[in-house]
Structure formats: C-alpha cells, structure tokens
Amino acid sequence: MKTKLNQMVIKLQSEKRPRRALWLAAFALFSTATLHAEGFRNPPPGTFNLGRAGGRIAQVDDSSAVQQNPANLLDLTNAEAQFTPTIVYISADFQSPTGQSASTKDPWKLLPNFFISVPLKNDKFAVGLGVTTPFGLGDEWNTGSSAFAQPTGVLTYFAPHSSQLTTINFNPAVALKLTDKIRLGAGLDVMWSDLEFKQFLSPAVPNLEAHAEGDGIGYGGNVGITWDVTDHQRLAITYRSTMTVDYSGTTKFSSFSGVPGTSFGSQIKFPNIIAAGYGIDLTDTIRLETDFEWIQFSQFKNLPINVGNNLLGVPSQSIPEKWKNTFTAGIGGDWKFADHWVLRGGYQFYESPVPDSTFSPTIPDANQNVITLGLGWKSRHHSLEAAYGLDFYDERQIANNQNPAFNGKYTFNVHLFSLAYRYSF
C-alpha cells in the first residue's frame, strides 16, 4: 500500500507547477462558493423585514429592530420575544461554451433567527438581543452531471462540488432616548463562522478528494439613529462595522488513508454597511418607507489559502477577488386593513459585488430584483406573521474569467420564505 501511495504522490508532484497552481486556484475559490447572493449576505433576518424588503430601517417596530436599527427598540412599549426563521430555496444551473452542464441539488436552506427586547425606565431606555444568521448558505453540485464528470468535466478539478458557510451572530443592543424626537441605539456583534468544502483534486488520482473545514470568530459593532422630523415623518441612519474572521482547521484527503491531513486556514472580511431610510405615515393605517444601503465589499481584495505541509505539494497562496462596493435601493410599506391584521409589501434592488473576472460557478451571485409580500396577525400577547419573496436574478454570462474553466452561462431560481411567532409580555 505504501509503495502504491508513494508512486501516486511522486506522479502528482512531478506534474508541471502551472497545472498544480490551477488545482489550488480551484481549491481556494471554493471558499467564496457558499457566500450567497449580494456577496456574503443572506436575506434580511425577520419576517417583518422580508415582508417590507426595501423599507425596514426607519419604521421597523418589532424586536428585530436589534438587527435593523437598534434606536427603534424604543418604539416597543412591552417586552417581547420572537422566533422568526427564514427558509431559502436556491438553485443554480451552469452551461459551458462546449455544452457541458451542471445543476445544484438540495436547494432548501434554513436560517433560524431569534430576537428579544425589553423597555426600561419609563421608555427612555431599552435593551435587546438578536441571534441571527446574516451571512452564508451553501451549495452542492450534482457530481453526476457532465461538467463534474471524471476526468473530463470542465469544473471537476476547478470548483468544489460541496461547500458550506455557516454564521451565527450574537448581537446585544441598547437604545437611549436623547430627546422627544431623537433616539440612539448601539450594539455589539460577535459572530462565529464555520467554513467547509469538498473538492476532487487531480485526474492523476481519481476520487482523491480534499475535505477542508475551519472556524473562527469575528467582532464588530453597529449603531442607529432615528429622528422624528414631524409626527408623521422620520429619518433613520444606521452603520454596521466590518468583521474579520480568521478560519483555522484541518484538511483531510479521502480515498487514501495513508495520506495524512494538514492544516487549513483562510480569512474573510465581511463588509461595512451604511444605510438610510425615510418613512412617512400616509394615513392612520398606511405607511411607506424608502431605503438605501451602501456596502463596502471592496475590502475583499483577495482570499488567502493556507494548507500547511502536505504530501501532495499543494502550496499556500492568495487568490485575487477584487470585489467592488455595491448598493441596494428599495421601497416598502404596510397597511392595517382590519382589526388585528396587517398587510406588508416591498421591492428592493441588489447590486452584485462580484466582477466577471473573479466569478466562481459556486457563487450564485448576480444583480437581483426582489418583490416581497407579508401578512401579520396580532391579538393581545400573540402575533403570527408570514412573508414571501420572489427573487429575480439576472442571467450571468461569463466570458473572461481569470480561470477559463468558469466561463459559461449561469442561471438561478430563488424563492424566500419567512415565518414568525412573537409573544408580547
């Protein structure tokens, strides 16, 4: 067994360095694979926020204000807690210029979110806590498709067939009433993240698969300010700081038990986000709001990949990403059309930060137009709410990628769902 293994290792190491570098490029590019559309971000956490889409900063008036704008915690007169999971259906299809194709499988993803808020001292102070999944998701490509066939698939050795990015953010927050018209909120972000992937490495050794996994913790903060310009109009501005997560873990090589594992390390810089919203009460039952966000994705310039010492001779390196700063813009509102009932709706445009040159086939990322609808019911202590978002992705035609294997046509199918149960004490 050792003789056979040594022969395979010698064969791998004797290949030309440019080809080996291409393997590692594929190895590395996976790490952005699980980062969902609009770069890293998941859909807005909370059913209220999905239902209103483009209007969720100035008028957010449930405990999810912890995430969207902590200053608005002072709008809540009673303590409340809510569990509000988001369910995402996301699938992607790829077709190469030569006619090879691939599709993702297991499209359903669950993103749990939880919020709690408590008013204090005659409604002049409030505190809250949010537990959310703000970034991530994952993809698993069908390895039986022609683009992932061994050894002829155009993506087989240049993209991971399975990848997963998981984040859990703990966000305690506090709000203070500065004047009768101005409120200020601030919070701390402590985010744990786990990164995992599986990828075939070389046609020289069929079924030789790398399985890497690492985790880390990032820290940041957020602030929000809300100004009641008049009794029926308000402005809000929020800021959420960058978080840097250094991933540390192991890489294992399957199929050959004699090949020892090695270390794995990487780093992702999550973006600064600045948002502004203007809300107006048109009547006693109808509200409208328009929002704008600026997201600083440009700090994600490259992706370091550290794989330690290994028998396969795979070197560490840094992969250029060159993402750009982006924006979102939208409008949302709600209508209390009957006692205990509210109807919500919204529209939001999301610009993709990923240029054609660094696009990866496992990043389901393109410009989006999202239309959402929500329905809520409340009676005394209990509230139920549901929301749905239809996500129209642009088709992506890649022709000049830094890795020619990634050139081709990409199409996407995405649906967003969210449910909430809220209890007011």
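Let me begin with the term I will use most: two rings of Phe, Tyr or Trp, taking the six-membered ring for Trp, are called a pair if their centres lie within 6.5 Å. Please keep in mind that what we are looking at is a predicted model. With that criterion, a search of the whole structure gives 15 aromatic pairs, and I would like to go through a few of them.

Take F300 and W323, whose ring centres are 4.8 Å apart and whose planes meet at 75°, so this pair is edge-to-face, the cut-off for that class being over 60 degrees. F300 sits in the loop between strand 15 and strand 16, while W323 sits in the loop between strand 17 and strand 18, so the pair ties together parts that are 23 residues apart in sequence. As for exposure, F300 counts as buried at 2% relative accessibility, and W323 counts as buried at 3%.

The next pair is F327 with F349, which is tilted, with 5.6 Å from centre to centre and 45° between the planes. Because F327 belongs to strand 18 and F349 to strand 19, which covers residues 341-350, this pair ties together parts that are 22 residues apart in sequence. F327 has a relative accessibility of 29% and therefore counts as partly exposed.

Elsewhere, ring pairs join Y89, W108, Y388 and F417 into a cluster.

Finally, let me turn to a glycine. Where does G138 lie? G138 is in strand 7, which runs over residues 137-141, and with a relative accessible area of 2% G138 is buried. Its C-alpha atom is separated by 8.2 Å from that of T166, a residue 28 positions away along the chain.

Technical notes. Residues are numbered from 1 along each chain as its sequence is written. This is a predicted model: local features need pLDDT of at least 70, side-chain atom pairs count only at pLDDT 80 or more; totals for chains, interfaces and linings use all residues. Side-chain values use heavy atoms; hydrogens and water are left out. Helices (H or I, at least four residues) and strands (E, at least two) are DSSP runs, numbered from the N terminus. Buried means under 20% relative accessible area, exposed over 50%, partly exposed in between (1.4 Å probe, protein chains only). Rings of Phe, Tyr and Trp (its six-membered ring) pair if their centres lie within 6.5 Å; planes under 30 degrees apart count as stacked, over 60 as edge-to-face and the rest as tilted.
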